[in-house]
Amino acid sequence: MPSLPWSDIDTVLLDMDGTLLDLHFDNHFWLEHLPQRYAELHGVSRAMAEMELQPLFERHAGQLQWYCLDFWSAELQLSVRELKQETAHLIALRPDADTFLDAIKRAGKRVIMITNAHRDSLSLKLERIELAPYFERLISSHDYGYPKENPQFWDALQADIGFDPARSLFIDDTLPILRSARDFGVAHLLAVKEPDSRKGPKDTAEFAAVDDYRDLIAGL
């Protein structure tokens, strides 16, 4: 993990799921809990549920509706909000993420969350984990109408908060999103080595990755 040039960074942009929060909650929900409850609520087998859900997931991946609870509730004819409440006990902070947040806030950095999570999902997580006090803004891509994968998200973010990409750090666990940020000109980019604590390290391709948030505080 290379040390960060903190004197060249004014703004810290942070993803939520898989970056600050353990992605296990989301992976368990979408890959295990939702297919099981879909099967039960629609009177089909678990195998049939997965056969019906998988093509839908693949078709909408990376698009705004993929992250929209209203879309999936209508598409699947069930309340995704209520189903998420059933597994909310799995929502957990990644190790030392709060230590990192406290340190960058105390150092006077501008700290802004940018997440693809739907506002209802964001609210559910903020009820379980007290993240809001660390941030100047909590921005959902649904506010702009474009996911972070889309260049138009970054244009909207720039118009909204007026940040300098050349003096900004962005941490996210999704490679297409990091590449989109890079194309916009965000100078300092980090992936996340192990977004899901149950799945082990992932390949972060061309991006350096954070493994321990305490390492990032050095030189702050």
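Below are worked exercises on a predicted model.

Residues are numbered from 1 along each chain as its sequence is written. In this predicted model local features need pLDDT of at least 70, side-chain atom pairs count only at pLDDT 80 or more, totals for chains, interfaces and linings use all residues, and side-chain values use heavy atoms, with hydrogens and water left out.

**Exercise 1. The sheet**

Task: State the strand order of the open sheet and name its edge strands.

Solution.
- Start with the elements. Helices (H or I, at least four residues) and strands (E, at least two) are DSSP runs, numbered from the N terminus.
- Then apply the pairing rule: two strands pair if DSSP finds at least two bridges between them.
- The open sheet has six strands in the order β3-β2-β1-β4-β5-β6, with parallel pairing.
- β3 and β6 (209–210) are the edge strands, each pairing on one side only.
- At the β6 end, strand β5 (residues 188–192) pairs with β6 in the parallel sense over two bridges. There, Ala191 stands opposite Ala209.

**Exercise 2. Strand β1**

Task: Find the partners of Leu14 in β2 and in β4, then sort the side chains of β1 by direction.

Solution.
- Take β2 before β4. β1 and β2 pair in the parallel sense over four bridges, and Met113 in β2 is the bridge partner of Leu14.
- Next comes strand β4 (residues 168–171), which pairs with β1 in the parallel sense over four bridges. Ile171 in β4 stands opposite Leu14.
- Now the directions. Thr11 and Leu13 point one way from β1, while Val12 and Leu14 point the other way.
- In a regular strand the side chains alternate between the two faces of the sheet.
- All of these β1 residues are buried. Buried means under 20% relative accessible area, exposed over 50%, and partly exposed in between (1.4 Å probe, protein chains only).

**Exercise 3. The buried face of α6**

Task: Which residues of helix α6 (residues 119–128) are buried, and what covers them?

Solution.
- List the residues: Ser121, Leu122, Leu124 and Lys125 are buried.
- Look down the axis. These buried residues fall within an arc of 160°, so they line one face of α6. The arc is that of the directions from the helix axis to the C-beta atoms.
- Check the cover by contact (heavy atoms within 4.5 Å). It includes α1 (24–42), α3 (69–76), α4 (80–86), β2 (110–115) and β3 (137–140).
- Place the helix on the sheet. α6 lies across β2 and β3, running at about 140° to β3. Axes are lines fitted to C-alpha atoms, for helices over the stretch in contact, and angles run from 0 to 180 degrees between N-to-C directions.

**Exercise 4. Helix α3 and its crossing with α2**

Task: Describe the buried side of α3 and the way α2 passes this helix.

Solution.
- The buried residues of α3 are Leu69, Trp72, Ser73 and Leu76. They cover an arc of only 105° around the axis, which puts them on the same side of α3.
- They pack against α1, α2, α4 and α6.
- Turn to α2 (residues 46–60). The axes of α2 and α3 come within 13 Å and cross at roughly 145°.
- The crossing is right-handed. A crossing is left-handed if the near helix is turned anticlockwise from the far one by less than a right angle, and right-handed if clockwise.
- At the interface, Leu53, Leu56, Phe57 and His60 of α2 meet Phe71, Trp72, Glu75 and Leu76 of α3.

**Exercise 5. His33 and Ile9**

Task: Is His33 buried or exposed, and which residues are in contact with Ile9?

Solution.
- His33 lies in helix α1. The residue is buried, with a relative accessible area of 15%.
- The side chains of His33 and Glu86 make a polar contact of 2.7 Å.
- Leaving aside neighbours within four places in sequence, His33 is in contact with His28, Leu83, Glu86 and Thr87.
- Ile9 sits in the segment before β1 (11–14). Its relative accessibility is 0%, so Ile9 counts as buried.
- Beyond neighbours within four places in sequence, Ile9 is in contact with Leu4, Lys109, Arg167, Ser168, Leu169 and His188.

A polar contact is a pair of N or O atoms within 3.5 Å; within protein, one must be able to donate a hydrogen and the other to accept it, and residues adjacent in sequence count only if both atoms are side-chain atoms.
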